[in-house]
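The following note is offered to a colleague who is meeting this structure for the first time. Please read the numbered points with the sequence and the model in view.

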Amino acid sequence: MLIVRLDRGRGIPMLFRIILKNAIKLNNRFMLVVAFILILVSTLVMRFLEPETFPTLFDSLWWVMTTVTTVGYGDYFPITIAGRIYAMFLYIVGIGLIGVVIGKFVDGFSEIKKRKEEGKMPYQGHDHIIIIGWSQKAAYAVSEIMDSDQCEIVIIDNLAKAPIIEENIHYIQGDAAEEATLKKADIMKAKAVLIFSDDAIHDALLADGKSLIIASSIERLSVDIHTTVEVMKEEHIKNFTHVQVDEFVLSHEAVSRMAVRSAFTKGISGVYSQLLSRGHGENLYEIGVQQEWNTYRDAFHALLQQGATLIADGNRMDINRRLDETIPANAKLFVICDQAVYEGIKGVK
């Protein structure tokens, strides 16, 4: 709000000094208010000066807007000397003022884009997936998420600019162990968090220690969020026991074990790769339990007829030995099938 005190003999000069000072600084709010007042006053002035030329206030407003925006349709124009003098004033002052205001709006959008690329804009959304720590592994994760689920992705890292510019990918710059950074990513409304080990830290103990601190910070803000952590060494997993981490992914050891398996059984690495990626062929999917299924046998045969193979309930892969057991209410069933079959299973209510 602009409050001006008009002292005797100095009121008008002081008012002009204030206007000039704010105009030079190009104060956004001030310029917007002045532009609005100018348009409003000009509408009333032209309606008063030439009531026959501008029979309604809307006609007067139309002429003012087409004039200050340099459109100039020519359907209305002042014919009196007073009207034309005011029009010349509007040409000089109004067009320049509105041009500055429009320029400020354009600059504002550019600034928003710049701040978003630099990771300084907080994210506001829900059911998004947060990826902490940018690396080639994180890039593969982003690609996999975009292939399998069109949800929003928020990346947290200390990079100077966003590593990926996409419509549904948001970047937050900062330390993921700090509460302020996690709140910028709207951690409380996120669906899941993936914490990748810092590739810049070559000591496994230090890398897993950093992941542990980040996981602790996340738990402090959101206990119910599904958290997956990449761990460098398997024996470090026990250090996460006091933190509500849902799943762990072993980094180098998982790759080494896959390589050993492929040495003994040719072609098995291709099976692993296909199950881990949804790029092509048969893939692993989670499905819901349907009401007509009482036992695992019911689910197994029903899914088999649709082209899917039931292989696990949660992390238990012994379904074939428990076919006659009743499916619990909290079951998490996993099947192997292609995308088309999975879409058909999802469509069954």
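**Note on the predicted model**

1. The protein chain exposes about 21500 Å², and carbon and sulfur atoms supply 60% of that area. The reader should bear in mind that this is a predicted model.

2. The secondary structure of the protein chain comprises 11 helices and 9 strands. With regard to burial, 34% of the 349 residues of the protein chain count as buried.

3. Contacts along the sequence also deserve a remark. Among contacts in the protein chain with a separation of 6 or more, 57% are between residues 24 or more positions apart.

4. Asp-127 merits attention for its backbone: its phi is near 55°, a positive value in a residue other than glycine. Asp-127 is placed in the loop that runs between helix H4 (81-117) and strand E1 (129-132). Is Asp-127 buried or partly exposed? Asp-127 counts as partly exposed, because its relative accessibility is 44%, and the partly exposed class lies between 20% and 50%.

5. Asp-186 should be examined in a similar manner. Its phi is near 55°, again a positive value in a residue other than glycine. The loop in which Asp-186 is found lies between helix H6 (179-184) and strand E4 (192-195). Asp-186 has a relative accessibility of 11% and therefore counts as buried, the cut-off for that class being under 20%.

6. To set the two loop residues side by side: Asp-127 is partly exposed, whereas Asp-186 is buried.

Definitions and conventions:
Residues numbered from 1 in each chain as written. Predicted model: local features only at pLDDT ≥ 70, side-chain atom pairs only at ≥ 80, totals over all residues. Heavy atoms only, no water. Helix = DSSP H or I, 4+ residues; strand = E, 2+ residues; numbered from the N terminus. Buried < 20%, exposed > 50% of the residue type's maximum accessible area, 1.4 Å probe, protein only. Contact = heavy atoms within 4.5 Å. Areas by Shrake-Rupley, 256 points an atom, 1.4 Å probe, with all protein chains shown as cover.
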